[in-house]
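Me: I'm a first-year student, and I'd like a close look at one helix and the charged side chains around it. Could you walk me through it in one go, starting from the whole protein?

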Amino acid sequence: MTALAVAAALIALVAVLGTASVRGRRSAGTATGLLIASRGVTPWWNASAISGEYISAAAFLGSAGLVLAYGADMLWLPIAATAGYVLLLAFVTAPLRRSGAYSVSDFAEWRLGSRTVRRIVTACVCFIGWFYLLPQFKGAGVTLRVLTGAPIWTGWAVVAAVALLLTATGGMPGITAVQAVQFWVKLAAVAVPAVVLLAVWNIAGAPDPVGDAPPNFERATRVQVRTDATVTVPAAVTVTARGRVDGAVRSGETVPLAPGRHTLGAGTVVRFPAGAPVPHAERLPVQDGVTWATPFGRGQDRGLFRTYSALLAVLLGTMGLPHILMRFYTSTSGAAARRTAAFVPVLLALFSMFPALYGTLGRLYAPELLMTGDTDATLLMLPQRMIPGPGGALLTGLVTAGAFAAFIATSCGIVMAFAGTVSQCVRRGSGVTTFRLGVVLALAVPLAVLPSIGRQGAVGLVTMALCVSACSLCPLLVLGIWWRGLTAAGAAAGLLAGGGLAVAAGITRLFAGSCQGWPSAVLAQPAAVLAPTVFAVMIAVSLLTRRRVPRRADRALMKLHLPEGTPVR
């Protein structure tokens with residue numbers, strides 16, 4: 001399995017580098033070519049690239065893990081992401097393309113005439129990019145660790161090196177080719193194994209993952225925990241343990257575990273008999289099948305609020321993601337941008353069917369991941385669990401290729417948007433050199449932070465980035481495009497209040513200890529509180545400063561909403 005996984009990852013990397021070099025060589029020498037591919041990307045090609053870019057570590061690995069751990073609640077996340085593109089299509093894409101801007105910060109300055117607002121927007125773009133890169137590196141590290149036993153930093157280094165090489169040399173033309181091709185690679189990487197595993201499940205008698213008890217081990221199972229862990233045992237069980245259990249060193253003897261919390265030392269190996277209940281990592285809820293299959297957050301503290309707040313973050317955050325918005329600047333026209341956005345929900349809906357299937361099968365065939373907490377590895381572990389031997393190894397290799405395609409495609413898009421925004425802000429029209437320095441800055445910060453953030457799920461990290469986007473760039477775009485009365489002071493106040501608090505919540509979540517009750521729920525998912533507040537602040541401050549509405553506001557809105565080529569006076 002290790003050899004196939006490594007071979008698959010190498011094939012994916014070689015294909016990426018080859019595609020980018022062929023497509024990007026012709027236009028990467030100019031700033032326009034680097035940033036927006038000379039505005040010559042067709043709708044279908046661009047839609048494939050956007051879909052490939054959006055299917056990140058969270059969508060590829062994290063969604064299946066969340067379904068395994070939390071059940072039906074998590075099915076709303078891909079729905080919200082797809083719905084976000086519908087809002088993007090309706091409110092943002094064509095007007096944004098007609099503005100003629102290179103980036104979101106360019107649009108902000110063009111619309112409001114304020115360099116201060118531009119700098120605040122650039123800061124928001126930086127934090128969104130840094131937060132969004134964290135799960136890509138984490139996902140790569142988990143993939144290589146699970147499949148090869150390599151240190152987790154190996155995956156970080158591989159993805160960072162490839163992203164650096166591609167973005168610094170190929171620019172937007174090469175990245176567009178990489179992302180468009182890799183969407184179909186990722187779709188095949190989840191669809192083909194899913195069909196095979198579904199057939200195996202059916203041949204096995206189609207066991208039902210929904211029952212009246214928490215999941216159990218179908219066969220005798222050996223589980224090793226890599227780090228110190230606290231687990232919740234749902235029912236009494238006798239196991240064989242080697243290592244430290246509840247503070248006592250065990251040397252292979254039988255140990256009775258009563259229902260409740262137990263501690264396991266790093267490296268402890270526990271053997272469970274067939275039919276034993278599966279202990280759950282402390283942070284994961286213990287749910288019977290009915291609760292697991294029922295929506296509305298019954299397994300979480302303040303689950304209903306967390307669910308709706310996460311949905312709002314994904315829904316509105318998708319509208320403001322810089323690396324997605326930058327794609328529409330590459331379209332040939334506003335109409336092409338709208339057609340591009342119309343294709344994307346179809347492609348994302350097609351992909352989103354499969355992670356839910358993997359999460360459901362994981363409850364039957366890989367329940368030990370609930371004990372170790374490595375739920376992001378569900379997609380990687382299932383083929384070997386269900387089809388031991390060369391067949392499962394071959395499917396695992398295919399999934400590995402898709403996983404690395406996800407990490408690389410998304411990382412490249414984020415780095416492109418980050419570097420383009422920073423280079424345009426630092427030195428207007430500065431060209432290739434400053435862009436490449438921005439690439440280095442985009443990658444350096446998350447790499448420096450990763451060793452300190454501990455265990456974080458891919459979806460949770462992505463939701464942090466989406467929350468910052470939902471509470472800063474989304475209100476700016478919606479009001480800037482559709483309301484003449486937005487002023488620079490109103491935009492700045494809203495961006496500082498919403499973006500600043502969302503960033504603070506994200507940093508606190510990364511580095512501070514957990515709390516309970518409403519503070520924990522709001523800190524984990526603040527979008528339901530912050531996003532409406534930002535809209536209110538922008539509108540209120542703009543009304544208070546209505547005399548400072550930019551003189552060219554009427555002309556700007558005419559350009560945004562009239563067909564391209566219409567004279568604007």
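Reply: Happy to! Two residues are in contact when they have heavy atoms within 4.5 Å of each other. With that in hand, look at the whole chain, keeping in mind that this is a predicted model. Among contacts with a separation of 6 or more, 85% join residues 24 or more positions apart. The protein has 24 helices and seven strands, and 59% of its 569 residues count as buried. About 21,000 Å² is exposed, with carbon and sulfur atoms supplying 65% of that area.

Now let's zoom in on helix α7, which covers residues 104-112. Nine of its nine residues are buried, so the helix is largely enclosed by the rest of the structure. For a residue to be called buried, its relative accessible area must be under 20%. The buried residues of α7 include V104, F107, A108, W110 and L112, but D106, E109 and R111 are on the buried list too. Just after the helix comes G113, whose phi is positive, near 65 degrees.

What does E109 pair with? Its partner in a salt bridge is R118, and the closest N and O atoms are 2.8 Å apart. As a general idea, side chains of opposite charge can pair when their charged atoms come close. Both E109 and R118 are buried. The pair also belongs to a wider group: D106, E109, R115 and R118 are linked in a network of salt bridges. In that group, D106 and E109 come from α7 itself.

For some context, let's step away from the helix. The whole structure holds eight salt bridges, and two others make a useful contrast in setting. One of them joins E253 and R250, with the closest N and O atoms 3.9 Å apart. E253 is partly exposed, because its relative accessible area is 32%, and R250 is partly exposed as well, at 27%.

Another salt bridge brings together D554 and R484, at 2.7 Å from N to O. This pair links distant parts of the chain, 70 residues apart: D554 lies in helix α24 (residues 553-561), while R484 sits in the loop between α20 and α21. D554 has a relative accessibility of 40%, so D554 counts as partly exposed. R484 is also partly exposed, because its relative accessibility is 40%.

So, back to your helix: α7 is largely enclosed, and the buried residue E109 reaches R118 through a salt bridge.

How values were computed:
Residues are numbered from 1 along each chain as its sequence is written. This is a predicted model: local features need pLDDT of at least 70, side-chain atom pairs count only at pLDDT 80 or more; totals for chains, interfaces and linings use all residues. Side-chain values use heavy atoms; hydrogens and water are left out. Helices (H or I, at least four residues) and strands (E, at least two) are DSSP runs, numbered from the N terminus. Buried means under 20% relative accessible area, exposed over 50%, partly exposed in between (1.4 Å probe, protein chains only). Accessible areas come from the Shrake-Rupley method with a 1.4 Å probe; for residues, only the protein chains shown count as cover. A salt bridge is a side-chain nitrogen of Lys or Arg within 4 Å of a carboxyl oxygen of Asp or Glu.
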